[in-house]
Amino acid sequence: MSELSIAELRARTGLASSALRFYERKGLLRAARRAGGKRVYDEDAVEQVALIDLLKQAGFTLSEIAVLVGPSGRTAPNWRAAASAKLRELDERVQQIQRAQKALRHALDCEHDHLDDCPVHHRILRAHAETLAAAARKASPAADHRPGPA
C-alpha cells in the first residue's frame, strides 16, 4: 500500500492541510506514521476524508462522525441506526425545501400585483401553518391536550 504526505493527501482530497490536521485532532483521521517529523498517511486516508466529507454534507456534526467512524475508517456497530435517523431528517428537509420552492415559484408567477390579493398564496400559507402546527404537536404531544378557548 502506498503512503501519502499531507500535501499529497491535500491534493487528492481538495482539503487544506489545516483541515486534515484538525480532523486528526478531532479523532477522525490518523496518520499512519511520521517520517522526519512529517505526517505520512495510508492510501485509505483518501477514502476516509471522502467519507468524513459525505457525512458532513449529510448533516452529521464532526462529533457525530467521530462516534460513527473511528480514525482508522472502521464504522461503529450502530452506524445503520444513525444513518437511518439522518436519512429521515434529510427527507424531511427535502420536503421543506420543496414546499418553499413551490411557494416561491407561485409568488414569482402570480398574476396579482400584491400577494395579499392572491387566494392561492393564502392557501399556501394556511397549508404551511397546518404543517407547522402538526410538527409542533409531534414534537410535544402534550400540546394537543391544552385547553382551548371556551
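## Helices and strands

A helix here is a DSSP run of H or I at least four residues long, and a strand is a run of E at least two long, both numbered from the N terminus. With that in hand, you can place Gln48: this residue lies in helix α3, which covers residues 44-57.

The model you're looking at is predicted. Its chain has six helices and three strands. Walk along the sequence and you'll meet them in the order β-α-α-β-β-α-α-α-α.

## The overall shape

How does the chain's radius of gyration compare with that of a compact globule of 150 residues? Such a globule would come out near 15 Å, but this chain has 24 Å. Along the principal axes, the C-alpha atoms fill a box of roughly 75 × 40 × 20 Å.

What about the surface? The chain exposes about 10,800 Å², and carbon and sulfur atoms supply 54% of that area. Buried residues make up 21% of the 150 residues in the chain.

Now for the contacts. Take those in the chain with a separation of 6 or more: 44% of them come from residues 24 or more positions apart.

## Where α1 meets α2

Let's zoom in on a pair of helices. Helix α1 spans residues 6-13 and helix α2 spans residues 17-25; they pack at an angle of about 105 degrees, and their axes are 9 Å apart. Angles of 65 to 115 degrees count as roughly perpendicular, so α1 and α2 are roughly perpendicular to each other.

Which residues do the meeting? From α1 come Ile6, Leu9, Arg10 and Thr13, while α2 brings Ser17, Leu20 and Arg21. Sorted by type, the residues of this contact are three nonpolar, two polar and two charged.

## Two glutamines to look at

Back to Gln48 in α3. Is Gln48 buried or exposed? Buried means under 20% relative accessible area, and Gln48 has 5% relative accessibility, so it counts as buried. Which residues does Gln48 touch, if you skip its neighbours within four places in sequence? Its contacts are Leu28 and Leu29, plus Val69, Gly70, Pro71, Ser72 and Gly73.

Now find Gln96, in helix α5, which runs over residues 79-109. Partly exposed covers the range between the buried limit of 20% and the exposed limit of 50%. The relative accessible area of Gln96 is 30%, so this residue is partly exposed. You can also check its position against Phe60: Gln96 and Phe60 are 36 residues apart in sequence, and their C-alpha atoms are 19 Å apart in space.

How values were computed:
Residues are numbered from 1 along each chain as its sequence is written. This is a predicted model: local features need pLDDT of at least 70, side-chain atom pairs count only at pLDDT 80 or more; totals for chains, interfaces and linings use all residues. Side-chain values use heavy atoms; hydrogens and water are left out. Axes are lines fitted to C-alpha atoms, for helices over the stretch in contact, and angles run from 0 to 180 degrees between N-to-C directions. Angles under 35 degrees count as roughly parallel, over 145 as roughly antiparallel, 65 to 115 as roughly perpendicular and the rest as oblique. Contact means heavy atoms within 4.5 Å. Ala, Val, Leu, Ile, Met, Phe, Trp, Tyr, Cys and Pro count as nonpolar, Asp, Glu, Lys and Arg as charged, and the others, Gly among them, as polar. The radius of gyration is taken over C-alpha atoms; the globule rule is 2.2 Å times the number of residues to the power 0.38. Buried means under 20% relative accessible area, exposed over 50%, partly exposed in between (1.4 Å probe, protein chains only). Accessible areas come from the Shrake-Rupley method with a 1.4 Å probe; for residues, only the protein chains shown count as cover.
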